[in-house]
Amino acid sequence: MFRAINKPGGRNDQAATAFARGLFASKAENHYMRAMQQSPDLDPTLPATMPIAGHIDPVPVPRPGLVDGVTPREDGRVDLIGLTKKQIAAVFETAGLDAKAAKLRAKQVFHWLYHRGVTDFEAMTDIAKTMRPWLSERFFIGRPEIVEAQVSSDGTRKWLLRTADGHDFEMVFIPDADRGTLCVSSQVGCTLNCRFCHTGTMRLVRNLTPGEIVGQVMLARDALGEWPNSMQRPRTDGSLGGGDLRQSGAMLPEAPAFAGAQVEGAGGQGNSWDNDEDEAAYTADGRLLTNIVMMGMGEPLYNFDNVRDALKLVMDGDGLALSKRRITLSTSGIVPLMARAGEEIGVNLAVSLHAVTKDVRDEIVPINRKYGIEELLQACADYPGSSNARRITFEYVMLKDKNDSDADARELVRLIKQYKLPAKVNLIPFNPWEGAAYECSTPERIRRFSSIVFEAGISAPVRTPRGRDIDAACGQLKTSAEKKSRAELDRLAEEKMAALD
Ligand code: SF4
């Protein structure tokens, strides 16, 4: 329970003190809190009106107690972003509300946070005015800090974001004619070392929390002006409510109508997306951000619990309410966790395959040495919920003279058929970066590879690179990648593999 215990004068001292105040609140304060709960309109900021027998100034402000999985900030306040309705109710209850009031307030606050996107308790108009300062003294509505934001000429946006403890990570938004896809990071750095990927050249710093993961989606909605208050929705009479982003063009340049989208994702190469929705059934519902792909920095299945909890918030019908059919989780092939992902999260699956022989995949996706191609494809065949309507996407980065031969294409087809996989293949032209050991396949080679797979009855579109004009200023990830020599990269790769054994 007491996670915030630290040495005297240490970094978390203030928070620990604040919590201790809450946990050991006097009887009189408890009496006061009960009175406040019975009369929610009573101003909780005026404790001087209550008799506090024998108490010496200053009057302690009851703080939320510690709830499993909830860590307060240094100022003692708890960031509500990333918490479920139940967790919000629990921190409210620990802060002094009775169970019934906590549940009711949690329901209201959850709606304001995740459905309306407010960042200030004062905007929560169905919560009594007198209750709002009580909330803001104890709680906080966080977002990742934006370090840098870039917009490509094709409308792609990249953000360099920072966690509260100062670690940078990236997020990318790709607007398309019929959808807008947000590429979300799950880790700062990565445990793995796919050899074509920038992020693979970084060490894992830490997992992102559920709040930092769902916070990316919320930040994107902020930036795109897509919360119900700020987004114009068509009325039933067909008129518009004002402020329509697409009409005004205020937020984004017009996106070219690509058949599909690929960008060097926040995690570097090898990320592309498309989902298996029936295009006829597609409705953007007036929104720019319609799809999410867990293809940014990090291997999502190595941060399983936080990714699952964040995506559940994204899918919650009372909150962000994005359908699981619009969310894709991409893995490099962490076989033991794939079935669990299907059962506990249930979103679309993408697999970074990139090679069809052991030797080549061992080299470019080294996790293959641990979980081989056959094992991986069997896990795909067993993935819960996959079907022809919800196909598994295989990412395949095109590397010159490495994985792009006719024989490779035929072997890919053979494997997909052998395992009877409802599959599509995304072919991704490699976007070289300084220090990378590979070159991109020629356009002719990519076309030929694609047509072999297509002719076998498997969809294999070539992804149009997006946002390349902003890669050059891609923030610290690229810079740190460029500073490493080939020998350093090799050493890091070996270290990472050894750490996985
Ligand atoms: S798992 Fe993803 S982020 Fe990590 S090295 Fe591989 S491609 Fe890059």
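**Figure 1. A low-confidence stretch at residues 472-478, and the confidence of the whole model.** Let us start with residues 472-478, where pLDDT stays under 50. For this stretch the model has 14 contacts beyond four places in sequence. Keep in mind that this is a predicted model. The protein has a mean pLDDT of 78, and 72% of its residues reach 70 or more. Residues 231-284 also have pLDDT below 50, and the model gives them 130 contacts beyond near neighbours in sequence.

**Figure 2. The open sheet of nine strands.** Reading across the sheet, the order is β3-β4-β5-β6-β11-β12-β13-β14-β15, and the pairing is mixed. β3 (145-151) and β15 each have a single partner strand, so they stand at the edges with one side left without a neighbour in the sheet. On average, neighbouring strands are turned by 20° against each other, direction ignored.

**Figure 3. The β3 edge and the helix packed on the sheet.** Here β3 runs antiparallel to β4 (residues 157-162), joined by six bridges. One pair to look for is Val151 with its bridge partner in β4, Arg157. Helix α6 (residues 210-224) packs on the sheet and touches β4, β5 (168-175), β6 (180-183) and β11 (291-294). The direction of α6 makes about 50° with that of β5.

**Figure 4. A close look at Phe430.** You will find Phe430 in the loop between β15 (423-429) and α13 (443-455). Phe430 has 24 other C-beta atoms within 10 Å, so this residue is buried. Cys197 is 233 residues away from Phe430 in sequence, yet their C-alpha atoms are 9.7 Å apart in space.

Technical notes
Residues are numbered from 1 along each chain as its sequence is written. This is a predicted model: local features need pLDDT of at least 70, side-chain atom pairs count only at pLDDT 80 or more; totals for chains, interfaces and linings use all residues. Helices (H or I, at least four residues) and strands (E, at least two) are DSSP runs, numbered from the N terminus. A residue is buried if 20 or more other C-beta atoms lie within 10 Å of its own, exposed if 12 or fewer, and partly exposed in between; C-beta atoms are placed from the backbone. Two strands pair if DSSP finds at least two bridges between them. Axes are lines fitted to C-alpha atoms, for helices over the stretch in contact, and angles run from 0 to 180 degrees between N-to-C directions. Two residues are in contact if their C-beta atoms, placed from the backbone, lie within 7 Å. pLDDT is the predictor's confidence in each residue, from 0 to 100.
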